Amino acid sequence: MATGEQSPLDVERVREDFPILDREVGDGIPLVYFDNAATTQTPNEVIDTFGEYYRGYNANVHRGIHQLSQEASIAYEEAHDRLAEFVGASGEREEMIFTKNTTEAANLVAYAWGLNELEEGDEIVLTEMEHHSSLVTWQQMAKRTGAEVKYIRVDPEDGSLDMEHAKELIGPDTAMVSVVHVSNVLGTVNPLGKLADMAHEHDALIFGDGAQAVPNRPVDVEALGVDFYAFSGHKMAGPTGVGGLYGKKAILEEMEPFMYGGEMIRRVTYEDSSWADLPWKYEAGTPLIAEGIAFAVAADYLDDLGLENIRAHEERVTAEAYDRLSRIDGLEIYGPREDEERAGLVSFNLDGVHAHDLSSILNDHGVAIRAGDHCTQPLHQKMDIAASVRASFYLYNTVDELDALVDGIRAAKDIFA
């Protein structure tokens, strides 16, 4: 969406759903929250879900015949169906596992599939822009199994993947391809469907990290062709402590459990055990009941607004931010150029000002942003920078809020001049 176009969202109305946005910070300064790639804020509908659960039907699921347990079980199971539908999984609850977050989802696949399937001579293909949740997990799994990790190059000029290099790397020895759908630093939207086709041509599996994609754009895991896809509730207006892992039913049925204990069993003797049906096979112990139910409410909230509307609104704010920031002398923006597709974030550095110092000054102006390596240390090393500043936007941010961001940056320039 071009700068200056009308947003498809009634943002002022939307902001009424988020009580925290009325906060003041410091000495009575209005909060401008631009740290959405780390954690989004939570609407009243999701917050209220916790009170309704704990006041009305708090009970453990799948373990009681009494009414409270039955009500909790139904709500929790239906939440799985809702999140499966949200990302286009026709297998419904059997293909949707609730985890703590995207990181746990990656670890579940790495341990339940990788530890049993990978061996010396196998190759795991990642990208140079992977989040640590994927990069570290597969790196350590390779060390345990003797597999080798290879990385698809990132063009440092525009943040795009080198797809010719991807064709060279993904080959007959490739066992797993793990790709971030949207970069949390560059804002790059990767061609996940094309990479899935490349992986499957060589009988490899593909894992999609959707933490930065699911919150702000329609995702259809079956259309993408991925074997696994992970995302987090707290990045999509949902609660912390819960995430989703989509997996193809046939693969999940063949995999071993990630954790053992109660809830995930069918039958136990002193000699052996058998496992529950999907998805409970991968949800050991008392699960994230209230969080899972609230997770589904967040999906409803986003669908009511419309994912296409959310994406278009983010693009509008991001385009305006890119335009304003690019006019500041000494400020370097990373990732796709202004006329290319990018997700709702802009990462940058200001010449002569450390990212952490700039973050502190912006905080004095009421602006919450993120500074550091954003869990992508190797990418920052490749870009030859120690850290970067990231402003990330969501459905409740306005173009007018960018004034505080620009004012804070100009104030930092004056301080460090």
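This is a short tour of the pockets, cavities and two helix pairs in a predicted model.

**Stop 1: the largest pocket**

Start by selecting A37, H131, N184, K235 and C375. Of the 20 residues that line the largest pocket, these sit closest to its centre. The pocket itself has a volume of about 310 Å³. What kinds of residues make up its lining? Six are nonpolar, 10 are polar and four are charged.

**Stop 2: the largest cavity**

Keep A37 selected and add N36, Q212, N216 and F393. You now have the residues closest to the centre of the largest cavity, out of 14 that line it. About 100 Å³ of space lies in there. By class, the lining has six nonpolar, six polar and two charged residues. A37 has now turned up twice: among the residues closest to the centre of the largest pocket, and among those closest to the centre of the largest cavity.

**Stop 3: the second largest cavity**

How many cavities of 30 Å³ or more are there in the whole structure? A search finds two, so here is the other one. To see its walls, pick V154, D155, P156, L186, Y334, G335, L379, K382 and M383, which line the second largest cavity. Its volume is about 40 Å³. This lining divides into six nonpolar residues, one polar and two charged.

**Stop 4: helices α2 and α10**

Time for some helices. Two packed helices are described by the angle between their axes and the distance between the axes. Select residues 44–56 for α2 and residues 289–305 for α10; the two pack at an angle of about 145°, and their axes are 9 Å apart. Their crossing is right-handed. Now show side chains. On the α2 side, the contact uses E45, V46, T49, F50, Y53 and Y54, while α10 brings I289, A290, E291, I293, A294, V297, A298 and Y301. By class, that contact has 11 nonpolar residues, one polar and two charged.

**Stop 5: helices α11 and α14**

Last, select residues 307–326 (α11) and residues 402–416 (α14). Here the helices pack at an angle of about 25°, with axes 11 Å apart. That angle makes α11 roughly parallel to α14. The crossing of this pair is right-handed. Where do they meet? Look at V317, E320, A321, R324 and L325 in α11, which meet L402, D403, L405, V406 and I409 in α14. Colour these by class and you'll find seven nonpolar residues, no polar ones and three charged.

How values were computed:
Residues are numbered from 1 along each chain as its sequence is written. This is a predicted model: local features need pLDDT of at least 70, side-chain atom pairs count only at pLDDT 80 or more; totals for chains, interfaces and linings use all residues. Side-chain values use heavy atoms; hydrogens and water are left out. On a 1 Å grid over the protein atoms alone, a cavity is a set of points where a 1.4 Å probe fits but cannot get out, and a pocket is an open set with protein on both sides within 12 Å along at least five of seven lines; lining residues have an atom within 4 Å of a point. Grid points are joined across faces, edges and corners, and a volume is the space filled by probe spheres set on the points. Ala, Val, Leu, Ile, Met, Phe, Trp, Tyr, Cys and Pro count as nonpolar, Asp, Glu, Lys and Arg as charged, and the others, Gly among them, as polar. Axes are lines fitted to C-alpha atoms, for helices over the stretch in contact, and angles run from 0 to 180 degrees between N-to-C directions. Helices (H or I, at least four residues) and strands (E, at least two) are DSSP runs, numbered from the N terminus. Angles under 35 degrees count as roughly parallel, over 145 as roughly antiparallel, 65 to 115 as roughly perpendicular and the rest as oblique. A crossing is left-handed if the near helix is turned anticlockwise from the far one by less than a right angle, and right-handed if clockwise. Contact means heavy atoms within 4.5 Å.
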